Amino acid sequence: MKKHNYSAGPCILPQEVFEKSAEAILNFNNSGLSILEISHRSKDFVAVMDEARALALDLLGLTGKGYQALFLAGGASLEFLMVPYNLMKENGKAAYLDSGTWASAAIKEAKFFGETVVVASSKEQNYNHVPKGYEVPADANYFHCTSNNTIFGTQMKEFPNLDMPIVCDMSSDIFSRVLDFSKFDIIYAGAQKNMGPAGTTLVVIKEEILGKNGKTIPSMLDYAKHIKAESMYNTPPVFPVYASLLTLQWLKKLGGIPAIEKINNAKATLLYTEIDRNPLFKGAAAVEDRSNMNATFLLNDEAHTPIFDALWKEAGISGLPGHRSVGGYRASMYNALPIESVQVLVDVMKDLEKKVSKTRL
Ligand SMILES: *Cc1c(COP(=O)(O)O)cnc(C)c1O
């Protein structure tokens, strides 16, 4: 039986993506070859790469606006260093918002390249909220933020207006909600949270910001080289790009980001309403910053842990335990998680309440 997969990443993908991927592994496009063995320079795969790059821009509303989409390898973590390498000037500085573990990992890498100003941090409160009311130094070469803090279950609802490039790590909420994506100059996202299997990272770049820091950049780290090579500077992650394309096609068919946003709002409302109503549970993140992708919550009484864990496992739920730095539970409700799976979790939470109140009598 298919599990209700709440894993934070790699994560659930649409069932039709699993099915079409499986088909392509056996016989890609009726070519008599597996997607795993075809040349990345073959006509069929070049078409996959071209469509994936174009469709990513299309879904984000960035077609014809001076942006390029790349499918690179190395994960979102490699972008932590590619961004400063490509954008930080000699004796320049960068500004970062520290809203979680991944943001702080990006800051650590930027420090190798130059002065890195942390404009605000919620670290002292174990990142239970997104810092607000900060000022960004006007002479920074760029501002970096993380739209969704996967581990802590917080999400940025607003982004600053700045006279400098804005770079955003959208690994865990890309394609999940309507935003004015043209506000950003670089958007990057590891595929395995909301788009595809692990192995590729989508990087969307406003081309005009490149080539301005006067640095010679090693080829594999140079965004301009990857753009010039149409995302095939070296052998790209062929299968992850193909599976990502299938997810993007699924999303397009569904009605794009506006359509999935409605579904995601409904799923999040369903779960957070129960977390707030059920006297046995409490949310872990500040209410105004709650993430629609990763809902973090705790049992008020840890003594209920064994019975709750048994109940959700019995219901076919997988991947619910929280990250060790928060504890409790984390329900990751990425695009492909059906609302029926959220209802199953809500029913289990209600069931626990009934069982606990019975034992009290
Ligand atoms: C998972 C995650 C990363 C790390 O992604 P990798 O592809 O494993 O390097 C970075 N940022 C955010 C917000 C994440 O959720």
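Which domains does the domain assignment of the protein give? Domain 1 runs over 15–254 and domain 2 over 256–360. Keep in mind as you click around that this is a predicted model. Give each domain its own colour and we'll start from there.

**Stop 1: the two domains**

Put a centroid on the C-alpha atoms of each domain: the centres of domain 1 and domain 2 come out 28 Å apart. Next, select what touches across the boundary. You should pick up 29 residues from domain 1 and 27 residues from domain 2. Together the two domains bury about 2,200 Å² between them, and 54% of that is on carbon and sulfur atoms. On the domain 1 side, show Ile 151, Gly 153 and Leu 254 as sticks. These supply 21% of the area that domain 1 buries against domain 2, more than any other three residues.

**Stop 2: helix α7**

Now select residues 256–277, which is helix α7. Its 22 residues reach 32 Å from first C-alpha to last, close to the 32 Å expected at 1.5 Å a residue. Which residues of α7 are buried? Colour Gly 256, Ile 257, Ile 260, Asn 264, Lys 267, Ala 268, Leu 271, Tyr 272, Glu 274 and Ile 275. Look down the axis: the buried residues cover an arc of only 155°, which puts them on the same side of α7. As a reminder, an α-helix has 3.6 residues a turn, so residues three or four places apart point the same way. Spin the helix round, and on the face turned away from the buried side you'll find the exposed residues Lys 262 and Asp 276.

What covers the buried residues of α7? Switch on the neighbours, including α2 (43–60), α6 (238–254), β11 (281–283), β12 (294–299), β14 (329–332) and α9 (339–360).

**Stop 3: helix α2**

From that list, hop over to α2. This helix has 18 residues and reaches 26 Å end to end by C-alpha, close to the 26 Å expected at 1.5 Å a residue. Its buried residues are Phe 45, Val 48, Met 49, Ala 52, Arg 53, Leu 55, Ala 56, Leu 57, Leu 59 and Leu 60. The cover over them includes β2 (67–72), β10 (201–206), α5 (223–228), α6 and α7. Just after α2, click on Gly 61, whose phi is positive, near 70°.

While α6 is still on screen, pick Gln 249, which is found in that helix. Gln 249 touches Glu 51 and Leu 55, leaving aside residues up to four places away in sequence. Is Gln 249 buried, partly exposed or exposed? At 27% relative accessibility, Gln 249 counts as partly exposed.

**Stop 4: the nonpolar cores**

Which residues touch the most other members of the largest nonpolar core? Among its 56 residues, those are Leu 97, Phe 143, Phe 175, Leu 202 and Val 204. The helix you just left, α2, gives the most to this core, with nine residues.

Centre on Val 204 and expand the selection. Its contacts are Leu 57, Leu 60, Leu 62, Tyr 67, Gln 68, Ala 69, Asp 185, Ile 186 and Ile 187, again not counting residues up to four places away in sequence. Apart from the largest core lies another one, of 28 residues, among them Tyr 272, Phe 308, Val 342 and Leu 352. You have already met Tyr 272, as one of the buried residues of α7. In soluble globular proteins, nonpolar side chains tend to be buried together.

**Stop 5: backbone oddities**

Last, the torsions. Most residues other than glycine have a negative phi, and most peptide bonds are trans. Here are some that go the other way.

- Select Gly 9 and Pro 10: a cis peptide bond joins them, with omega about -10°. Pro 10 is in the loop between β1 (4–5) and α1 (15–26).
- Go to Asn 30, in the loop between α1 and α2. Its phi is positive, about 60°, although Asn 30 is not a glycine. Asn 30 counts as exposed, at 70% relative accessibility.
- Jump to Asn 126, in the loop between β4 (115–121) and β5 (143–146). Phi of Asn 126 is near 50°, another positive value in a residue other than glycine. Asn 126 counts as partly exposed, at 38% relative accessibility.

Stay in the loop between β4 and β5 for one more pick, Asp 139. Asp 139 is partly exposed, with a relative accessible area of 49%. Draw a distance from its C-alpha to that of Asp 163: the two are 24 residues apart along the chain and separated by 9.4 Å.

Notes:
Residues are numbered from 1 along each chain as its sequence is written. This is a predicted model: local features need pLDDT of at least 70, side-chain atom pairs count only at pLDDT 80 or more; totals for chains, interfaces and linings use all residues. Side-chain values use heavy atoms; hydrogens and water are left out. Helices (H or I, at least four residues) and strands (E, at least two) are DSSP runs, numbered from the N terminus. The expected span of a helix is 1.5 Å times one less than its number of residues. Buried means under 20% relative accessible area, exposed over 50%, partly exposed in between (1.4 Å probe, protein chains only). The arc is that of the directions from the helix axis to the C-beta atoms. Contact means heavy atoms within 4.5 Å. A nonpolar core is a set of buried Ala, Val, Leu, Ile, Met, Phe, Trp, Tyr and Cys residues joined through side-chain atoms within 4.5 Å. Domain bounds come from an automatic or database domain assignment. Buried area is the accessible area (1.4 Å probe) that two parts lose on being put together, summed over both.
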